[in-house]
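Me: Here is a model I would like to go through with you. Please keep the replies brisk.

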Amino acid sequence: MAETEPQVSQLFRGDRMVWVSPVSLEELIQLKTSHPQAPLVMGNTNIGPDIKFKGAWHPIIISPTRVQELFKVTKTPQGVCIGAGCSLSVVKALLEGLVQEIPEEKTEIYRSLLQQLGNLGGQQIRNVATIGGNIVSAYPNSDLNPVFAAGNCILNVASKRGRQEILLNKDFFVGFGKTSLKPDEVVLSVFIPVSRQGEFMRAFRQAPRKENALATVTTGMRVMFTEGSSVVKELSIYYGGVGPCTVSATKTCAAVIGRKWDEQTLSEAYTQLLDEISLSPSHPGGQVEFRRSLTLSLLFKFNLQMLHKLWEMCLDPSITFGLIGLETNMVTFSGCHKNVWFFFQAVVKDQSGDDPVGRPIMHRSAISQATGEAVYCDDIPKMEGELHLVLVTSTRPHAKILDIDISEALQVPGVVDVITSKDIPGKKFRTFTGIDEDILAQNEVSCVGHMVCAVVADTRNQAKRGAAVVKIGYEDLPGPVFTVEEAIEKQSFFLPKRMIEQGNVDEAFDKVDHIYEGAIRLGGQEHFYMETQSMVVVPSGEERELKVYLSCQHPTYESIAETLGIPSNRVSCHVKRVGGAFGGKVTKTSIIACITSVAAWKTGRAVRCVLERGEDMLITGARHPVLGKHKVGFMNNGRIMAADLHYYANSGNTADESLLVIEKILLHLDNAYNVPNLRGRSVACKTNLPSNTAFRGFGVPQSMLVTENMINDVAMMLGCNAEEIREINMYKEVSLTHYKFEFDPKNLLRCWDECKEKSDYDRRRKSIGQFNQQNRWKKRGMATIPIKYGIAFSDGFLNQAASLVHIYKDGSVLVSHGGTEMGQGIHTKMQQVASRELHIPASLIHITETNTSAVPNTCPSAASFGTDANGMAVKDACETLYQRLEPVRKQNPEGTWQIWVNSAFIQKISLSATGYYRGHDLHMDWEKQEGQPYAYYTYGACCSEVEVDCLTGDYRTVRTDIVMDIGRSINPSVDIGQIEGAFIQGLGLYTMEELKFSPSGVLYTRGPSQYKIPAVCDIPLQFNVYLLSGSDNPHAIYSSKGIGEPVLFLGSSVFFAIKDAVAASRVEAGMVGPFTLDSPATPERTCLACNTPFTQKVRRYHQPVSSCSLPQPITLDPNPSMFAKLNMEFSCCFHLTDLQT
């Protein structure tokens, strides 16, 4: 009955906002007339984020989701009229249907829109975002607006003055986020015409990531030829991403219309386009040279495709490309199908079928995590009287604090208190690596994002409003330091510096055949864990006790106790699970937990602190950016005799764990290579950026990238493949490292050989050479990278662990240990360990939360050593219990586990036991430059092949093969998951993820819209993982090996494969030898490094023009070999669009 009742308008009032939902078009127009500045919200993909993240405020919001006129679809022979309220998913489905229904020649515009819709946002966004909202938002890099404008689409709008049609063209888009629509006008629908005979349309885009990323440059291009000829009758070209709004290349089009579509015409068009689409050096978003190059490259792609069409229609006899059989040669990445293979190890022959160790058992939380039932920190129900904490951070990079005015904040409704350093009753600082770091800034701030104080309020929104009105008086200090170069110039370092050397490097340089010096920069990397920094602190109200629930790798009860000036036994930390950490939830989590605990202590109420993504990225730091320089001496045969490497790590404003990072950098600089004369120097640079911290790999991904880049440079100097240089210089027999630790590289060599064999390296290397000879604008590259990674903490005391195991009378078992579950599967493996040692099914065993009341004095779950240490501790406790039950088993050998447990209880045998593992006594003496900093090495090798679009810098990983030596895996499925995840995270580090700061030290990339991590679309099309068989490791539990960190570096195989492809492109431009390609190898860096004629033309355009150095038009060499390459390129460029869909 409710369904038949007439709908009525609805109105919702909040504290500061009114939300109106009309039901008729008349009511909607009246509302817009009365409130012309009120935004229309349907999918809320624009206004909502602006309110949440940019502080936008609208007193009235109109939501016309029930106005039926906005959802009408009308099909006519001339085209389709789509209601402005239709979601993009609906539009996509509609156009897909039309493409199937009507003749192909009439669907040019529809197919171009479909291509862009396939890349616009994600499925969730397209399900709610509307076509009308997308148009009127008028984003400068809109994917659809250039197509709508180039396709002569028409908007139908209504207002109190009546209805009218508005052509979507250059006059409609008038500025950033602005159109020619009047404030009171409502878009009803958009009309998309069918294509006419002789009319062709294409859309292109280039983005930081293939999916779910705003375009860097996007374009819609439409041409109509005079009937029966190649003369251009109409031409329309629109770009996004090269101006404050969608831009029309009107002059370029005018220069082409009326002329034949040929190379001469298009060559002049490229020059005209450079004049017409100009960007200032300060263009918002930067990448000026790249964007300008893309405008030319995308027009060139359009040119190739139109030449192809003209050839198909036989309209221009001068086009003699001989494209017979073209379809069979097309190189595409169509669809999303991926081949992913992984190969488990076999368990020991005589192993019991009930023994779960070594078997691929599903992660014990996998189902609950997939269904959303898994409880994370912020899922803990709100407690009575609970407060929310929001941090107030510095807006200056280097300044004295003159005063902190909290008076206005305290007047905000709901605000309870503001916490400053004066409120800390105990230690006001934390000490990491011997250097103090303020919990809250006291007298000085040293970066934008430095925590100054915190506001606690009844709700998070109230706390945010209070934080926004805290006034901090500053006096700027001179000479802030942001870059490594500035730090070197001003000698701004955290001491000590580190140096290590073997052999006599300087003497060796005098005896080599060649010396080469190079450098590479590696950018930082945001941890981007799914769960941001989160904690709830609950005062018990008795004897100054606190219960702390937090998401961290290292329960921080000791830090909290010292901050509050109370004994550690008053603080219990609880960690159920962590939604990702990667090293980023140790030091900063400790400090934020201390601040939250002070707030709970002072107010006497529970306090919850959950950082938003932007806050988290600003405050918590990232992987250390590194500048690496190398000087290498080598012989004609490729043998490296001497290497001198310098590492400069940008540590940020505090030391954090930077000194440990630069040590590990030096300990891994040899990677897999035996260089007889080797020297490394590293330093932690003190800058006025947010402090960088631990990240998966802990300096090794930076260290080894410099080493492998050095190997690559040697290969390019000698004109051979880098794999040949790697093999020549690899450790071959039992050897000493540069810190005098003996090891056997047998399994390293096995991984290398098996990787080359399983990847079919030799055949594919030849195939890549042939492909590159046949293709001008697409190149393939390949790289194989080895790794030798040290496992465990070099500070021996951190390698210990403890556990507590209870057996209950019903036979169930409860296990507590000091490791934290971060998704890496440590709880699953501990369950397997307990099952083996107690000889019971895993179903009887429950792993409880990490709780410092049960297992105190824990060490961080880090260094790929969590399973090694905690597994041995759990094993020790279970062995103790099993031995205690031995008399009972002997008394009743036919009994069951439950019977034995009950009998033991009756006989007063303790059913609880603690376990302890002392760990390896590891050390490193930096004065003597020797030691044993690691328990053992994890080895591996990875071969990756990529295909690079030289015109745009876009790439695709065609295939990756990984062979890893992880000993005898406790759980192969979990370990392979770690291998795959680490590789993809490394791929992101080396090819995608880029942190960007303003000249004044403000982090720009503070969310997923600006910072891109790998997505499903970035997984290699063929991804094979193999575990080395027959490997033993006597230094860890059950002969397993740590695997969490090592594989991340193997993502660099994609980086060096890209560099290999770029080198092939540079050969076409007459450039050979080493060149610089910094990490990450983003599309921008890759495209510019390829040095195509279009990039060269852009660079020449910016140079002073003299009579003897005029920019030359781009022409295509008419020789047969070039035509052969273009044959392939037609297919490649044509289907790049399919790939992106």
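Me: At what angle do α10 and α31 pack, and how are they classed?
Reply: The axes of α10 and α31 are 9 Å apart and make an angle of about 130°. Axes here are lines fitted to C-alpha atoms, for helices over the stretch in contact, and angles run from 0 to 180 degrees between N-to-C directions. Angles under 35 degrees count as roughly parallel, over 145 as roughly antiparallel, 65 to 115 as roughly perpendicular and the rest as oblique. At about 130°, α10 is therefore oblique to α31.

Me: What is the source of the coordinates, and how are residues numbered?
Reply: This is a predicted model, in which local features need pLDDT of at least 70, side-chain atom pairs count only at pLDDT 80 or more, and totals for chains, interfaces and linings use all residues. Side-chain values use heavy atoms, without hydrogens and water, and residues are numbered from 1 along each chain as its sequence is written.

Me: Which residues of α31 meet α10, and how many residues of the contact are charged?
Reply: From α10 come Glu289, Arg292, Ser293, Leu296, Ser297 and Phe300; α31 supplies Phe1094, Thr1095, Lys1097, Val1098, Arg1099 and Tyr1101 (contact means heavy atoms within 4.5 Å). Ala, Val, Leu, Ile, Met, Phe, Trp, Tyr, Cys and Pro count as nonpolar, Asp, Glu, Lys and Arg as charged, and the others, Gly among them, as polar. On that split the contact of α10 with α31 has 5 nonpolar, 3 polar and 4 charged.

Me: Is α30 largely enclosed or open, and which elements do its buried residues pack against?
Reply: Helices (H or I, at least four residues) and strands (E, at least two) are DSSP runs, numbered from the N terminus. Buried means under 20% relative accessible area, exposed over 50%, partly exposed in between (1.4 Å probe, protein chains only). In α30 (residues 1083–1090), 7 of the 8 residues are buried, so the helix is largely enclosed by the rest of the structure. Its buried residues pack against β11 (199–206), α10 (288–312), β43 (936–949), α29 (1052–1068) and α31 (1093–1101).

Me: Which residues of α30 are in contact with α29, and how are the two helices arranged?
Reply: The axes of α29 and α30 are 8 Å apart, at an angle of about 30°. That makes α29 roughly parallel to α30. On the α29 side the contact uses Ile1058, Val1062, Ser1065 and Arg1066; on the α30 side it uses Thr1086, Ala1089 and Cys1090.

Me: Where does the cis peptide bond to Pro1080 lie?
Reply: Ser1079 and Pro1080 are joined by a cis peptide bond, with omega about 5°. Pro1080 is in the loop between α29 and α30.

Me: Which residue comes before Pro496 across a cis bond?
Reply: Pro496 sits in strand β24 (residues 493–502). The bond is cis, with omega near 10°, and the residue before Pro496 is Leu495.

Me: How do α16 and α17 cross, and which residues make the contact?
Reply: Helix α16 (residues 557–564) and helix α17 (residues 587–603) have axes that come within 9 Å and cross at roughly 45°. That makes α16 oblique to α17. The contact is made by Ser559, Ile560, Thr563 and Leu564 of α16, with Ser590, Ala593, Cys594, Ser597, Val598 and Trp601 of α17.

Me: Is Thr589 buried or exposed, and what does Thr589 touch?
Reply: Thr589 lies in helix α17. With a relative accessible area of 0%, Thr589 is buried. Leaving out residues up to four places away in sequence, Thr589 touches Gln533, Met535, Leu550, Ser551, Cys552 and Gly584.

Me: Is Asn134 buried or exposed?
Reply: Asn134 is in helix α6 (residues 131–137). Its contacts beyond four places in sequence are Leu88, Leu120, Ser142, Leu144 and Asn145. At 18% relative accessibility, Asn134 counts as buried.

Me: What is the phi of Asn44, and what is the phi of Lys740?
Reply: Asn44 is in the loop between α1 (25–34) and α2 (47–54), and Lys740 is in the loop between β33 (735–736) and β34 (742–743). Asn44 is partly exposed, with a relative accessible area of 36%; Lys740 is partly exposed at 44%. Neither is a glycine, yet phi is positive, about 60° for Asn44 and about 65° for Lys740.
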